[in-house]
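User: I am new to this structure and would like to learn how its helices and sheets can be read. Could you take me through some features in turn?

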Amino acid sequence: MSTKILIIDSDVSLSVVLGDYLVSRGYKTQRVSEGRQALDLISATHFDAVLMELQGLGMNGFELLREIRHRDAWLPVIVLTTRNDREDQMRAFQLGCDDYQIKPFTMDLVICRIEAILRRVRHEENNKQKLFTLNGHVFDSVHQTFDGKHLSGRESDLLLMLCRHQDEVVDRHAILAALWKEDNAFTSRSLGVFINHLRAFLRPAGFEILALRRKGYKLIEK
């Protein structure tokens, strides 16, 4: 699913250029020039991030920022503005913006800032996630069940690590340090046993745990 960005700026020519550049980099965008219209969109549509000016929006830009944060405490907001006073920057951060970039700016720098913030947000969301759906099969790490079948505490913790890093290699030493608190021949064999237990649950769901020699394990869809 493409990342969707809302651009709030009364400078139509700039927002068009910025929007076209974001689209060329694989993002979806929507542009508005007024604060009230932006608030209506944020209430009705999912956005992954907001890029906003503080001036010329038909309402006070700081009040708009305050209202955006009131409506969505976690929506990333990057201020792109001509206002370069230190006090303005401090106020914007106090009201909840995630970044503040003074115009003029380079498009590549804006992309870097967006991607850095989204990486952080997704990492935080991933580490909060407790419920996972694998091809319609539900893993509930809180109740330690997979499709209603009970998992042991160790199986549940191990599957949680793999699900949080699906399609990525999870280092074997990191698993042993987190779940067994020690890394030796005995705990390595124990880890292998639990991996095999989980494979029995996951294969009917169309998933496999790959073992990468001397590296770790990867949860993938078959």
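User: Which residues of helix H3 (residues 61-71) are buried?

Analyst: Buried means under 20% relative accessible area, with exposed over 50% and partly exposed in between (1.4 Å probe, protein chains only), while helices (H or I, at least four residues) and strands (E, at least two) are DSSP runs numbered from the N terminus. In H3 the buried residues are Gly61, Phe62, Leu64, Leu65, Ile68 and Arg69. They lie on the same side of H3, because they cover an arc of only 160° around the axis, the arc being that of the directions from the helix axis to the C-beta atoms. This is a predicted model, in which local features need pLDDT of at least 70 and side-chain atom pairs count only at pLDDT 80 or more, whereas totals for chains, interfaces and linings use all residues. Residues are numbered from 1 along each chain as its sequence is written, and side-chain values use heavy atoms, with hydrogens and water left out.

User: What do the buried residues of H3 pack against?

Analyst: Contact means heavy atoms within 4.5 Å, and the buried residues of H3 pack against strands S1 (4-8), S3 (49-52) and S4 (77-81) as well as helices H2 (35-44) and H4 (86-94).

User: Which residues of helix H7 (residues 172-180) are buried, and what caps its N-terminal end?

Analyst: The buried residues of H7 are Ile175, Leu176, Leu179 and Trp180. Seen down the axis of H7, they fall within an arc of 95°, so they line one face of the helix. The N-terminal end of H7 is capped by Asp171, with a side-chain oxygen 3.0 Å from the backbone nitrogen of His173; just after H7, Lys181 takes a positive phi of about 70°.

User: How are the strands ordered in the open sheet of three strands?

Analyst: Strands of a sheet pair through backbone hydrogen bonds, either parallel or antiparallel. Here the order is S10-S12-S11, with antiparallel pairing, where two strands pair if DSSP finds at least two bridges between them. S10 and strand S11 (207-212) are the edge strands, each pairing on one side only. S11 and S12 are joined by six bridges, and Ala211 stands opposite Tyr217 in S12.

User: Which strands of the sheet does H7 touch, and which does H8 touch?

Analyst: H7 packs on the sheet by touching S10 and S12, its direction making about 55° with that of S10 (axes are lines fitted to C-alpha atoms, for helices over the stretch in contact, and angles run from 0 to 180 degrees between N-to-C directions). H8 touches S11 and S12, and its direction makes about 155° with that of S11.

Note on methods. Polar contact = N/O pair within 3.5 Å; in protein donor to acceptor, adjacent residues only side chain to side chain.
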